[in-house]
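Trainee: I would like to learn how to read the contact between two domains of one chain. Could you walk me through it?

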Amino acid sequence: MKVRFRFAKQGKVRFTSHRDVARMWERAFRRVQLPVSYSAGFSPRPKVSFGLALPTGAESVAEYLDVDLTEAVVIDGLAATLTAAMPVGVDVLAAGELEAGSGSLQQEVTSCTWSIDVGGLDLGQARARAAGVVAAAELVVTRERKGSPVTDDIRPAILSLAEPQPGSSGIRIDCELATQPRGLRPSELVEALGGGLLTAFRHAQWIERDGARWEPIPLPATDATHEKDATHDRSGPGLDRAHRDTRTPATGGAVDHPAVDHPAATVGSASFS
Amino acid sequence: MVHMTLWPRIEPLLAKVQKPARYIGCEDGARVAPPGPGRVGWLLVYPDTYEIGLPNQGLQILYEILNERDDARAERAYAPWSDLEAELRAARVPLFSVDTHRPAGEFDLIAFNLSAELVYTNVVNCIDLAGVPVRAADRGPEHPLVAAGGHCTYNPEPLADFVDLFVIGDGEEVVAEITEVVGEWKASGRTPGSRQAVLRELSKVVGVYVPSMYDVEYDGPALRAITPRHPDVPARVEKRTVADLAEWPYPKRQLVPLTEVVHDRLNVEVFRGCTRGCRFCQAGMITRPVRERPAEQVRTMVSEGLKRTGYDEVSLTSLSTADFSGIEGVVAGVINDPVNCGQVSLSLPSLRVDAFTVGIASQIQQVRRTGLTFAPEGGTWRIRQVINKLIREEDLYEAVESAFSQGWRRVKLYFLAGVPTEQDVDTLGIATLARACAEIGRRHTKSPQVTASVGGFVPKPHTPFQWFGQNTVAELTRKINLLRDDLRRERGVTLRWHDPKATLAEGIASRGDRRIGRVIEDVWRAGGTFQEWSEQFDIGRWEAAMARHGLSIDWYVHRHRTEDEVLPWDHISAGLHKDFLWDDWQAALRESGVPDCRWTPCYDCGVCTGYGIEHVVASAVPPAGGSQGTGQDLTTGGRVPVALLPTRAGVAS
Ligand code: SF4
């Protein structure tokens with residue numbers, strides 16, 4: 001049986017890397033004793049595949065992974081059980097059985113919706129540059145790919161770019177960026193705009209099937225957010241997760257999910273009180 | 001005092017540094033009591049990177065014990081790497097706890113764990129980053145007390161200018177007594193002048209050393225005396241020892257970090273102390289006697305720990321885990337536990353050198369049979385008698401034979417260079433042993449890998465070698481070159497060595513007196529933090545600082561001490577009679593070994609008799625097939641058994 005999970009990564013844990021997140025999942029699977037398939041060989045690895053790596057420092061409510069299980073399990077309640085086994089800030093939002101023969105996340109996902117906070121620009125500059133990018137037929141930049149500089153037209157990868165807005169920190173830009181055939185990272189878009197990336201937030205990943213656009217797992221009406229008490233150290237102005245999650249991106253019109261109420265993710269400093 | 005988190009100011013800085021996950025905390029198992037006037041706040045600091053500091057068991061144990069109390073709370077901090085340090089200083093953000101990101105200066109105590117001397121400059125840096133005057137004498141009642149514990153505190157003098165109080169020995173019990181004294185100080189409102197009073201009170205707690213309560217007199221370069229300034233301050237500070245480990249099943253909630261660290265696995269301490277009596281080993285000398293954890297408790301800690309953490313690896317820790325009485329039962333228990341379903345691997349650090357030990361290792365390393373590490377320490381039987389590491393050639397070759405025949409491909413051997421009485425034949429013996437091990441390996445595998453790792457010997461306080469003059473950089477370099485030349489054409493052996501210059505810096509700090517504090521401060525002011533990281537280390541800073549203060553490296557490091565000399569740590573007691581140490585030093589020079597007092601009669605080193613404690617060891621007999629002297633015929637120590645005699649390539653075996 002193959003199961004796909006959707007999860008969020010928010011708050012302090014955003015500073016962990018993709019590899020760190022992979023290890024958190026492995027430990028969580030063992031803690032809840034999920035019958036995960038292991039590869040054969042000298043050092044057996046669990047058969048798990050992640051979608052597109054989220055850059056270290058970015059937050060998201062649309063991360064995915066697929067897991068091979070050795071036997072069928074009940075999906076109901078699994079997301080909540082796993083959330084309890086994950087660090088504060090990683091919330092398993094949904095789980096679903098994957099049909100045999102489904103494509104991998106890496107193959108299927110074609111674009112992502114982002115909110116990006118940009119520094120180093122004032123609102124007027126940001127708006128003018130964004131308008132320039134939208135109007136341009138092509139946008140040739142030199143960027144690093146696997147350690148060497150490559151010259152590319154990145155314009156086709158910018159599927160939508162909303163007018164920059166004043167944000168809680170810096171300028172907020174909502175956009176949808178392609179992941180195929182040539183993907184574009186938020187940091188690369190920000191560089192093309194001449195600003196500095198403060199933070200990025202991934203709202204959705206999209207796959208195309210039968211001419212329509214879908215999320216690999218749509219966000220359910222209720223979710224399995226951490227129960228852990230984390231009200232103690234609110235992160236302060238500008239970092240209020242609950243507020244941030246309710247934003248509807250101005251682009252990627254198909255985003256149509258209920259607001260998710262995540263508590264600010266901080267260590268459980270209040271857990272004794 | 002306002003209790004507020006610095007997180008909003010730290011968060012934007014983390015976007016600019018390497019490995020930001022070092023600074024976020026959020027580990028599974030991290031739980032801290034809330035701050036409040038009724039609780040003494042401890043900030044436990046490991047003065048090295050998060051990756052190295054997080055797994056430290058001593059710090060984790062105290063963290064839990066303090067947070068369980070209703071009059072204390074504890075958080076953790078680690079030395080920020082240089083990139084974050086620069087950001088913090090530019091943004092005027094102080095050192096912070098990773099738990100709730102509170103400023104270090106807001107705690108009542110900032111307590112450092114000292115596991116290695118080369119972190120001393122980091123200690124000073126962390127005090128400075130905390131916004132606290134680096135010199136203890138410049139602090140007022142508004143500043144936290146600066147404390148330090150860990151093995152290095154057995155010679156506290158080099159840090160005496162910077163640290164208000166040192167804790168000598170096991171911390172489990174004494175932190176409660178310190179909390180009570182500091183709690184009263186806190187309740188009294190920390191009035192002007194009260195800092196002296198609280199330190200005076202603390203100096204009366206057994207196991208606590210307050211350097212400002214002692215006068216130091218010199219006689220030229222020599223030390224004449226270190227004496228208490230008040231009649232109620234003890235002339236000699238005795239170490240603390242937890243008599244029964246069974247009462248302290250900590251950590252109960254080992255921290256599981258979110259990012260990669262060293263020893264990233266469950267760690268369960270199976271015993272504390274070691275009486276093998278290796279003469280170079282400070283850890284063995286200062287942690288006597290042996291106190292085993294009951295096997296049943298080990299089993300529970302392993303199975304509950306694995307379940308709680310989700311780790312797939314557990315390490316049974318101690319100074320020599322194969323010596324644990326219950327080792328075979330515990331190993332079998334972990335392997336056969338159906339919950340672990342063969343997915344859990346077990347590691348035994350500090351393996352003894354013998355085939356029996358490899359047998360245990362082969363039971364447990366079913367999944368990942370990658371490498372085994374042994375520490376014969378000396379290249380010849382003669383030198384191993386000098387250092388009292390009584391491993392016969394036979395034991396080593398049998399262990400290596402057994403490892404390669406059971407599927408291992410890599411064997412790592414640890415050696416010391418620069419030990420007392422060492423001749424070139426002893427140094428070259430390292431190459432001979434390594435080459436023979438590779439030869440044995442070739443009978444079982446096409447390309448065996450033997451790594452010989454050579455560290456320069458630094459004589460440590462409270463050991464029989466504390467009187468020995470350390471080898472110079474030139475001498476250690478010459479010895480390494482001897483080995484390099486000798487092993488140049490041996491493909492199966494990789495030689496690794498420590499930088500002799502770092503060994504010199506460690507030597508300055510290890511046996512230094514209070515005057516070395518100025519050197520540490522100078523090296524720190526010159527930018528010398530993270531001295532155990534080769535890219536940050538520069539011996540020039542140490543040499544310049546020594547010269548500036550008119551201190552002779554030769555006098556501090558390379559000189560042999562005499563029996564009547566006052567040593568800078570004579571007022572600190574690990575329970576060992578100085579006579580015992582001197583006699584053992586003389587025995588070393590006579591190449592005479594000492595058996596393990598766990599299974600043979602006590603020779604009164606002073607610890608058990610002095611403190612009214614004794615070994616807690618379940619087995620009355622030494623482990624079957626165990627090496628290192630006890631119950632062995634040692635007359636054959638240097639002889640190589642014919643069946644195992646390595647043959648030169650090309651000569652038939
Ligand atoms: S006092 Fe005796 S039994 Fe105790 S550690 Fe010393 S030599 Fe061993």
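Trainee: How many salt bridges are there between domain 1 of chain B and domain 2 of chain B?

Mentor: A distance cut-off helps here: a Lys or Arg side-chain nitrogen has to lie within 4 Å of a carboxyl oxygen of Asp or Glu. In this predicted model, the count between the two domains is six salt bridges. B:Lys460 and B:Glu117 also meet through their side chains in a salt bridge, at 3.4 Å from N to O.

Trainee: Where do the two domains run along the chain?

Mentor: The assignment places domain 1 of chain B at 7–238, while domain 2 of chain B is made of 265–515 + 551–634. Their C-alpha centres are 30 Å apart, and the contact draws 34 residues from domain 1 and 34 residues from domain 2.

Trainee: What area is buried between them, and which residues of domain 1 lose the most?

Mentor: About 2,900 Å² is buried between the two domains, with carbon and sulfur atoms giving 51% of that area. On the domain 1 side, B:Glu117, B:Tyr154 and B:Leu223 lose the most, together 22% of what that side buries.

Trainee: And how many residue pairs are in polar contact?

Mentor: There are 22 such pairs between the domains, both residues at pLDDT 80 or more. As for the domain 1 side, helix H3 (57–68) and strands E7 (214–219), E8 (222–228) and E9 (237–238) of chain B each supply at least two residues. E8(B) gives the most, with four residues. By class, that side has 19 nonpolar, six polar and nine charged residues.

How values were computed:
Residues numbered from 1 in each chain as written. Chains lettered and ligands numbered in written order. Predicted model: local features only at pLDDT ≥ 70, side-chain atom pairs only at ≥ 80, totals over all residues. Heavy atoms only, no water. Domains from an automatic or database assignment. Contact = heavy atoms within 4.5 Å. Buried area = accessible area lost by both parts, 1.4 Å probe. Polar contact = N/O pair within 3.5 Å; in protein donor to acceptor, adjacent residues only side chain to side chain. Nonpolar A, V, L, I, M, F, W, Y, C, P; charged D, E, K, R; others polar.
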